[in-house]
Structures are given as structure tokens and as C-alpha cells.
Amino acid sequence: MAANVSAGNIHHFHLPGQGQDSLSSGFTFRANPFKEISWSSGVSKSLKAERCGCYSRGVSAINESSRLCKSIRAVLGSSSTKYYDFTVIGSGVAGLRYALEVAKQGTVAVITKDEPHESNTNYAQGGVSAVLCPLDSVESHMQDTIVAGAHLCDEETVRVVCTEGPERIRELIAMGASFDHGEDGNLHLAREGGHSHRRIVHAADMTGREIERALLEAVLNDPNISVFKHHFAIDLLTSQDGLNTVCHGVDTLNINTNEVVRFISKVTLLASGGAGHIYPSTTNPLVATGDGMAMAHRAQAVISNMEFVQFHPTALADEGLPIKPQTARENAFLITEAVRGDGGILYNLGMERFMPVYDERAELAPRDVVARSIDDQLKKRNEKYVLLDISHKPREKIVAHFPNIASECLKHGLDITRQPIPVVPAAHYMCGGVRAGLQGETNVLGLFVAGEVACTGLHGANRLASNSLLEALVFARRAVQPSTELMKRTRLDLSDSEKWTRPVVATARTLGDEVISKILALTKEVRRELQAVMWKYVGIVRSTNRLNTAERRIAELEAKWETYLFEHGWEQTVVALEACEMRNLFCCAKLIVSSALARHESRGLHYTTDFPFVEESKRIPTIILPSSPTTASWSSRQLQNLSSSSLIDC
């Protein structure tokens with residue numbers, strides 16, 4: 001049922017319709033979707049060849065200056081359609097870093113769901129891993145990454161990222177990012193779980209915020225970049241050129257004006273982050289509802305390794321605080337890995353240190369090991385949280401290294417220099433996503449991906465701490481050259497914008513106040529129910545029976561929700577923020593469950609009691625191909641109907 005191709009032999013896309021086996025879930029898995037060449041080089045070479053052929057035949061290989069886009073925007077800038085050379089979906093580190101580079105070659109629209117700074121990057125505390133110490137080496141960083149990833153990582157991808165990482169850090173510093181330095185004047189390098197050396201570049205415990213600040217400042221000062229905040233990406237605009245799917249941009253919902261705005265572009269980068277809000281407790285901001293992964297799946301992109309959901313072992317457990325928060329948090333407060341890297345010790349509520357019982361690396365074991373160990377302690381002892389103690393370290397060092405954590409805990413009556421921190425695992429990071437090659441390319445022509453939304457082969461079955469910002473920086477930079485080459489040989493057609501049905505915004509005028517109110521109430525209820533199902537049945541420890549139950553419950557929930565909507569006047573092309581987020585959460589939840597059911601072993605973040613051991617024959621990525629749009633639910637279908645006339649005339 002699942003894709004089974006050995007890691008390192010997996011990156012050349014076959015054409016649709018070859019060797020497929022359908023699953024009852026409605027997804028299609030491919031027994032051997034790639035020729036026997038490496039993950040990275042295979043996709044790069046094959047897609048590059050296909051893309052060149054497609055665009056020379058179809059969209060036209062005409063060099064075009066950015067002046068055309070500027071003149072188009074001058075005429076149509078205030079309309080509901082906008083034209084750019086590049087569209088970037090997401091304003092985290094991947095999207096902003098890419099935008100700054102491609103802006104040297106053309107016009108760029110950066111689309112962001114909330115305020116530009118509201119991204120997973122902004123909440124990243126720990127830092128960026130890179131080999132910057134003479135005692136460290138690329139080979140050591142590679143080995144740590146591969147071990148943490150349970151040997152499912154693609155070695156070529158790992159080598160590229162670990163080799164290019166130091167230069168990406170130097171670029172950030174040159175752009176004005178300020179990182180902590182030691183007394184010797186050199187960068188202060190921290191150590192985190194799974195790392196054999198100190199290699200974490202950081203800005204206290206607010207590294208992501210500092211990187212986001214530097215990048216966003218540069219973006220806002222670039223005349224070639226336009227930032228569209230409060231624009232929710234609804235669906236990618238695609239067409240078929242024979243067996244190839246081509247991306248032409250994206251439809252968005254301006255949340256402030258309730259207007260649908262269409263972006264037509266030559267190249268689209270998807271950098272929309274993760275899907276933490278599939279679960280009831282997550283360190284992710286509210287914007288992380290799996291929008292990019294779901295959009296890409298609906299647009300025929302190949303999805304990989306969705307079963308590997310990383311639960312950060314140490315989110316702040318509010319119920320263990322002396323003074324409880326007055327209102328429930330929108331997202332869990334993260335206690336960075338660096339606390340354990342600096343000597344933090346985990347205890348159960350009986351003040352028994354437990355990590356050495358589970359792993360010889362104790363608190364410095366990779367995240368999947370620590371999260372499962374905590375989960376086991378909580379279940380065995382029927383407790384709600386465990387304790388992370390750093391109070392044995394000098395007070396001044398604790399406050400200097402973790403000022404944000406110290407401040408947050410102190411607001412709730414807890415002094416981390418004297419008392420242990422109550423912690424519990426929370427959904428944190430998606431190791432799977434849209435399958436990408438070494439330059440961020442996908443099997444959808446004109447669509448590139450970078451950051452958490454992508455599955456590049458770096459993380460394998462479990463992400464090594466502080467490798468996420470690194471991967472985003474490296475792949476955002478690597479996607480620049482093929483993107484600009486494609487942009488220069490692609491022509492924008494003003495008539496393209498009307499070749500898809502336009503989404504219609506749900507309003508009280510079209511559906512009635514009472515119906516809108518009932519739909520919103522049901523959507524909130526269904527969202528909570530979906531999150532509860534995912535945590536109960538698709539959490540840290542799984543089983544085949546529990547996964548089957550989750551699959552059934554999700555299908556029932558989705559059917560109940562969709563039936564209610566469509567019986568009350570909703571239509572295929574109708575949109576509203578809450579409904580579209582729910583649609584994406586359903587899509588991602590089904591991708592995760594289907595992938596988990598397909599993996600008959602326990603590896604990395606996927607642990608199942610029915611197959612509790614690692615099996616070498618199963619050391620292969622999970623590949624999901626899209627289902628037929630004619631039989632799929634609303635969450636798995638694109639909203640827009642393409643007109644009968646093709647966008648690409650061969």
C-alpha cells in the first residue's frame with residue numbers, strides 16, 4: 001500500500017498513472033514512484049528536463065523584463081488580480097530569504113496570513129545549527145543528523161545542508177542579524193539534544209525572532225518586494241500540460257476586506273510552514289493549519305513522510321504553574337532544547353530522574369526518544385506533566401541564556417533559577433511535507449517549496465534540534481537560481497486570470513446571518529473534535545487499531561461537517577477563513593493517518609505498538625500521490641474549475 005523505495009534511491013518522478021495502488025482512504029500510494037537514483041540529484045535532473053520541455057513548448061521561453069510586471073500593476077494594481085514575477089506564500093525565514101534574492105531579478109509578492117512576523121520562525125527559541133567551531137566537522141554534523149533521523153535521511157541532502165550552512169549564517173550576520181558572542185569575541189555556540197558538538201548559533205532564547213527581524217527589515221526596504229499581510233492562501237492556480245501539472249499562482253482571501261485577490265506569477269514559492277494546530281496542544285502560532293501542504297496535495301504535488309510528526313518534549317505545562325494563566329493559550333509556550341543542552345535534568349513528580357533509564361544519552365537524547373520517555377512516565381504514573389530543572393546552574397547564566405523563558409515563568413509565579421519547570425510534550429514540527437529536490441523543486445512545474453512545508457530528505461524520521469532554520473535558509477537560497485531561470489523564460493498572459501472560476505466569499509447577504517453563525521459554531525466544534533481524535537489516536541504512541549479508529553472518526557467528522565455546509569447553501573467555490581482552515585486541517589489529518597497506517601515498523605517519530613521495532617527493509621520514505629478529484633471530498637479538491645480552454649497551447 002505504501003511507497004517503499006530505499007532511502008537514497010528515490011528522487012525521480014514517474015508520470016501519473018504508472019504502477020498505482022489505491023488506498024481505501026482515498027489517497028494513492030505508489031509502489032515504486034522513483035527510478036533508482038538519489039533523492040536529490042534525481043528530482044533535480046528529471047524535473048529540470050521536464051520543466052524546460054514544458055515551458056519551451058507551452059508558456060513560452062521569452063525573456064521578459066520586470067518592467068512589464070510593473071506596468072501591469074500600475075494598470076491593475078487596485079483590482080482583484082495582481083501580476084508578479086514571483087509569488088512567495090509565507091513570511092518566515094524561508095519565504096523572506098528567498099524573496100530578498102529573487103527580488104534582484106524581478107518583482108515579488110510576499111503573501112502572509114497574519115502580520116508578517118507571525119510565523120513559526122518567530123517562535124523558534126533554540127537557534128541555527130552550523131559547523132563553525134574548529135573542533136567540529138561537516139561529517140560530524142551529518143552523522144548526528146542521520147542518527148537523529150533514524151537513518152531515513154537522504155545522505156546527499158544532509159551533506160548539502162551541513163556543508164552550506166556556515167555560509168548561510170555568515171549571510172545573516174552580514175544582513176544585520178545579531179547573535180550571542182562569548183567572552184572571547186567569537187559566536188557563542190550552544191549544544192542541544194542529539195548534537196555531539198556545540199554548534200548552535202543563537203540570540204539568547206529568541207533566535208527566530210532576531211532572524212525574522214533582520215530579514216523582515218530588509219524585505220520592507222526592498223522596492224521590488226510587496227508584502228500582502230492578512231491574505232489567506234486558498235488554493236494554487238494550476239493547469240495541465242499533457243501529464244504535467246503547471247502552477248500559475250494562487251488565490252487568496254484578504255481577511256480584512258473579505259475580498260478574493262488572485263495572484264498570477266511566473267514562479268511560486270510555497271513557504272507556508274507547518275500544521276501544528278491539527279493537535280490540541282502545539283508550540284506553533286495560530287496560522288499553522290497545514291494550508292500549504294493541503295494546497296499542494298490538491299494541486300497534484302507529491303507528499304512524503306507525513307507520519308513523522310515531531311512532538312517537542314518540553315512545552316510549558318500551565319497546570320503545573322503556581323499562578324495559572326487566566327485564559328487558555330492559543331499555542332503552547334516552548335521550553336527550548338537548549339535548556340537540556342545546558343544541563344537541565346528531567347524528573348517525574350516524585351523527583352526521580354528518569355531519562356537514563358530510557359537512553360544512555362539521557363536528557364541529550366533526540367527529541368523523539370525524550371518525548372516518548374516523558375509520555376511513558378505520564379501514563380505509568382498517571383501524572384499530567386514532568387519537571388525540567390536547570391536551577392543547579394548559576395543564576396546569572398540562566399537569566400542570560402534564557403531571558404524569555406525566565407520572564408514568562410516569573411509572570412506565573414515560578415523562578416526557574418530556584419524551581420523546576422513543569423513541562424509536557426506538544427506538537428511542534430512536521431518532518432514530512434511536499435516532496436522537493438535539491439533546489440526546492442517539486443513535480444508541479446513552476447512550484448518550489450522551502451521550510452517546514454517541504455520534505456527535502458534532510459530530517460528523515462525525526463528532525464535534529466536546530467536543523468529546521470538551517471534547512472529553510474539553505475533551500476530558500478538553492479531555489480533562487482532555477483526560479484530566476486524559469487522566470488526569465490516564461491511569459492505572463494493577462495488573459496490567464498479569468499481562466500479559473502473565482503472563489504466567492506461567504507457572507508450574511510448570500511447565506512443569511514443565522515446560517516453563517518451556525519456554520520461558524522459547527523466548524524469550531526468540529527475543529528476541537530478533530531484535534532482530540534488526532535491526540536488520542538495519532539499521538540506519540542500509536543497502534544493499527546487506534547489509527548484505523550482515527551481514520552474512521554475523521555471521515556465521519558468530515559462528512560458531518562461538509563454535509564451540513566452544503567445542505568445550508570455552501571458551494572464548491574464558496575470560501576471563508578474558518579471553513580478553509582478546517583478544510584486544510586482535514587486534508588492534513590488524513591495524510592498523516594494514511595501515512596502512519598502504511599508504515600509497518602517503528603522508526604523515529606512514528607512509534608506503533610503493533611510493529612515496535614525498526615526493520616531495515618522498511619527504511620524507505622512514504623510517498624502519497626493525490627486521489628482523483630472527482631471522488632475526493634471538498635478538503636481534497638481544488639476550489640477553482642479550470643475553463644475548457646487550456647492555459648498552455650502547444
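This short talk walks through one predicted protein model, from the whole chain down to single residues.

Before the details, please keep in mind that this is a predicted model, in which local features need pLDDT of at least 70 and side-chain atom pairs count only at pLDDT 80 or more, while totals for chains, interfaces and linings use all residues. Residues are numbered from 1 along each chain as its sequence is written, and side-chain values use heavy atoms, with hydrogens and water left out.

Let me begin with the whole chain. The protein chain holds 19 helices and 22 strands, where helices (H or I, at least four residues) and strands (E, at least two) are DSSP runs numbered from the N terminus. Of its 650 residues, 63% are buried, and by buried I mean under 20% relative accessible area, with exposed being over 50% and partly exposed in between, for a 1.4 Å probe and protein chains only. The accessible surface comes to about 23,300 Å², and 50% of that belongs to carbon and sulfur atoms; these areas come from the Shrake-Rupley method with a 1.4 Å probe, and for residues only the protein chains shown count as cover. If we take the contacts with a separation of 6 or more, 77% of them are between residues 24 or more positions apart, a contact being heavy atoms within 4.5 Å.

Now to the cores. A nonpolar core here is a set of buried Ala, Val, Leu, Ile, Met, Phe, Trp, Tyr and Cys residues joined through side-chain atoms within 4.5 Å. In the largest one, which has 77 residues, Met534 and Trp570 touch the most other members, and helix H19 supplies the largest share of this core, with 13 residues. Apart from it lies another core of 53 residues, including Leu438 and Ala479. Returning to Trp570, and leaving aside its neighbours within four places in sequence, we find it in contact with residues that include Ala506, Ile519, Ala579 and Trp634.

Met534 and Ile519 bring us to helix H17, since both are among its buried residues. Helix H17 runs over residues 513–537, and at 1.5 Å a residue its 25 residues should span 36 Å, which agrees with end C-alpha atoms that are 36 Å apart; the expected span is 1.5 Å times one less than the number of residues. The cover over the buried residues of H17 includes helix H16 (508–511), helix H18 (544–567) and helix H19 (577–598).

A second helix, H11 (residues 367–381), passes the same kind of check, because its 15 residues should span 21 Å and its end C-alpha atoms are 21 Å apart. Among its buried residues are Arg367, Asp368, Ile374 and Leu378, and the buried residues of H11 pack against elements that include strand S13 (309–316) and strand S16 (421–430). Just after H11 comes Asn382, whose phi is positive, near 55 degrees.

What about the strands? In S13, eight of its eight residues are buried. S13 pairs with S16 in the antiparallel sense over six bridges, with Val309 opposite Met430; two strands count as paired if DSSP finds at least two bridges between them. Elsewhere, an open sheet of three strands has the order S5-S7-S6, with antiparallel pairing, and its edge strands, S5 (128–129) and S6 (189–190), each pair on one side only.

How many disulfides are there? The count comes to zero, a disulfide being a pair of cysteine sulfur atoms within 2.5 Å. The sulfur of Cys431 has its closest cysteine sulfur in Cys455, 8.3 Å away, which is too far for a bond, and the sulfur of Cys588 is 5.6 Å from that of Cys587, again too far. Cys431 is buried at 3% relative accessibility, and Cys588 is buried at 0%.

I will finish with two single residues. Ser635 sits in the segment after strand S22 (623–625) and counts as buried, at 0% relative accessibility. Although Ser635 and Cys587 are 48 residues apart in sequence, their C-alpha atoms are 5.5 Å apart in space, and the contacts of Ser635 beyond four places in sequence include Arg298, Glu558 and Cys587. Ala214, in helix H7 (residues 207–220), is buried at 3% relative accessibility, and its C-alpha atom is separated by 6.7 Å from that of Met175, 39 residues away along the chain. Not counting residues up to four places away in sequence, Ala214 touches Gly176 and Ala177.
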